[in-house]
Amino acid sequence: MIEMKVAGIALDAITRSPIVLLKDSSDRRALPIYIGQEQARAIMGALENQKPPRPLTHDLIVNFLETWNMTLEKVIIHSLQKDTFYAALIVQQGDVKKEIDARPSDAIAIALRTNTPIWVMEEVVADASIPVDRDADEAEQQAFREFISNLRPEDLIKRFDNGDS
């Protein structure tokens with residue numbers, strides 16, 4: 001799994017649909033997830049530390065967690081099926097840990113309110129992420145190509161001394 005942070009909310013240039021953008025710690029990969037207008041507002045509110053006069057849905061969920069002494073341990077975006085992302089909240093109460101199905105946008109909105117890490121399965125990142133730093137990606141690929149071109153077969157062979165030599 002790869003830990004990612006919310007980089008912000010963007011709008012699709014064509015559809016004007018909101019997108020939450022997650023980035024890895026090295027800012028090399030970004031994961032765009034299309035979300036609804038209400039979820040975009042909830043995420044923006046959390047990013048801007050806005051406190052509504054009355055609890056909104058995500059604030060209410062956080063209040064439930066706190067009232068029942070539960071901790072949101074992490075959010076996991078675990079799969080992508082037919083252009084739909086799937087996520088889970090990993091909640092702990094004492095020694096009991098539960099996984100709760102959630103839409104990624106809701107999971108992210110709650111994670112931001114509780115300062116909880118957001119993790120994405122590597123296969124989801126591989127399938128749906130976009131490169132952010134193409135120059136760094138190219139430099140890494142070039143370094144790997146140079147490593148391979150200088151590799152000799154004997155570098156790959158492990159010699160085991162079984163005492164017969």
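## Exercises on a predicted fold

Arg103 has a relative accessibility of 47%, so it counts as partly exposed. Keep in mind that this is a predicted model. The exercises below start from that arginine and work outwards.

**Exercise 1. Find the salt-bridge partner of Arg103, and work out whether that partner is buried or exposed.**

Step 1. Look for the acid: Arg103 forms a salt bridge with Asp106, and their closest N and O atoms sit 2.9 Å apart.

Step 2. Check the cover on the acid. Asp106 has 17% relative accessibility, and the cut-off for buried is under 20%, so Asp106 counts as buried.

Step 3. Put the two ends together: a partly exposed arginine is bridged to a buried aspartate.

**Exercise 2. Asp106 belongs to helix 3; work out how many residues of that helix are buried and what follows the helix.**

Step 1. Helix 3 spans residues 104-114, and 8 of its 11 residues are buried, so you can call it mostly covered.

Step 2. Go through the buried ones: besides Asp106, they are Pro104, Ser105, Ala107, Ile108, Ala109, Ile110 and Ala111.

Step 3. Step off the end of the helix and you land on Asn115, which has a positive phi near 55 degrees.

**Exercise 3. Which residues have the most contacts inside the largest nonpolar core, and which helix gives the most to it?**

Step 1. The largest nonpolar core holds 30 residues, and Leu22, Leu31 and Ile77 have the most contacts inside it. Helix 3 makes the biggest contribution to this core, supplying 5 residues.

Step 2. Zoom in on Ile77. Leaving out residues up to four places away in sequence, Ile77 touches Leu22, Ile33, Phe85, Tyr86, Ala87, Pro104, Ile108, Ile118, Trp119, Val120, Met121 and Val124.

Step 3. Match that list to Exercise 2: Pro104 and Ile108, both touched by Ile77, are among the buried residues of helix 3.

**Exercise 4. Place Ala102 in its strand and list what it contacts.**

Step 1. Ala102 lies in strand 6, residues 96-102. With 14% relative accessibility, Ala102 counts as buried.

Step 2. Now the neighbours. Setting aside residues within four places in sequence, Ala102 contacts Tyr86, Ala87, Ala88, Leu89 and Ala107.

Step 3. Take Ala88 as an example of chain folding: Ala88 and Ala102 are 14 residues apart along the chain, yet their C-alpha atoms are separated by 5.2 Å.

**Exercise 5. How do strands 2, 3 and 8 pair up?**

Step 1. Start with strand 2 (residues 18-24) and strand 3 (residues 29-34): they run antiparallel and are joined by 5 bridges. One residue pair to click on is Ile19 with its bridge partner Tyr34.

Step 2. Look at the link. These two strands form a hairpin with 4 residues between them, and Asp27 in the turn has a positive phi of about 55 degrees.

Step 3. Add the other partner: strand 3 also pairs with strand 8 (residues 130-131), antiparallel, over 2 bridges. There, Ala30 stands opposite Ile130.

**Exercise 6. The structure holds 5 salt bridges; examine those of Arg41 and Lys5.**

Step 1. Arg41 bridges Glu38, with closest N and O atoms 2.4 Å apart. The two are 3 residues apart in helix 1 (residues 37-47), so about one helical turn separates them. Glu38 is exposed, at 52% relative accessible area.

Step 2. Lys5 bridges Glu3, with 3.6 Å between the closest N and O atoms. Lys5 is exposed at 54%, while Glu3, at 30%, is partly exposed.

**Exercise 7. Which residues form a nonpolar patch on the surface?**

Step 1. The patch is made of Leu60, Phe64 and Trp68, which together have about 340 Å² of accessible area.

Step 2. Phe64 sits in helix 2, residues 57-67, and is partly exposed at 46%.

**Exercise 8. Zoom out and describe the whole chain.**

Step 1. Count the elements: the chain has 6 helices and 8 strands. Their order along the sequence is β-β-β-α-α-β-β-β-α-β-α-β-α-α.

Step 2. Look at cover: 32% of the 165 residues are buried. The chain exposes about 11300 Å², and carbon and sulfur atoms supply 52% of that.

Step 3. Finish with contacts. Of those between residues at least 6 apart in sequence, 51% join residues at least 24 apart.

Notes:
Residues numbered from 1 in each chain as written. Predicted model: local features only at pLDDT ≥ 70, side-chain atom pairs only at ≥ 80, totals over all residues. Heavy atoms only, no water. Salt bridge = Lys/Arg side-chain N within 4 Å of Asp/Glu carboxyl O. Buried < 20%, exposed > 50% of the residue type's maximum accessible area, 1.4 Å probe, protein only. Patch = residues over 30% accessible without salt bridge, like charges linked within 9 Å, V, L, I, M, F, W, Y side chains within 5 Å. Areas by Shrake-Rupley, 256 points an atom, 1.4 Å probe, with all protein chains shown as cover. Core = buried A, V, L, I, M, F, W, Y, C linked by side-chain atoms within 4.5 Å. Contact = heavy atoms within 4.5 Å. Pairing = 2+ DSSP bridges.
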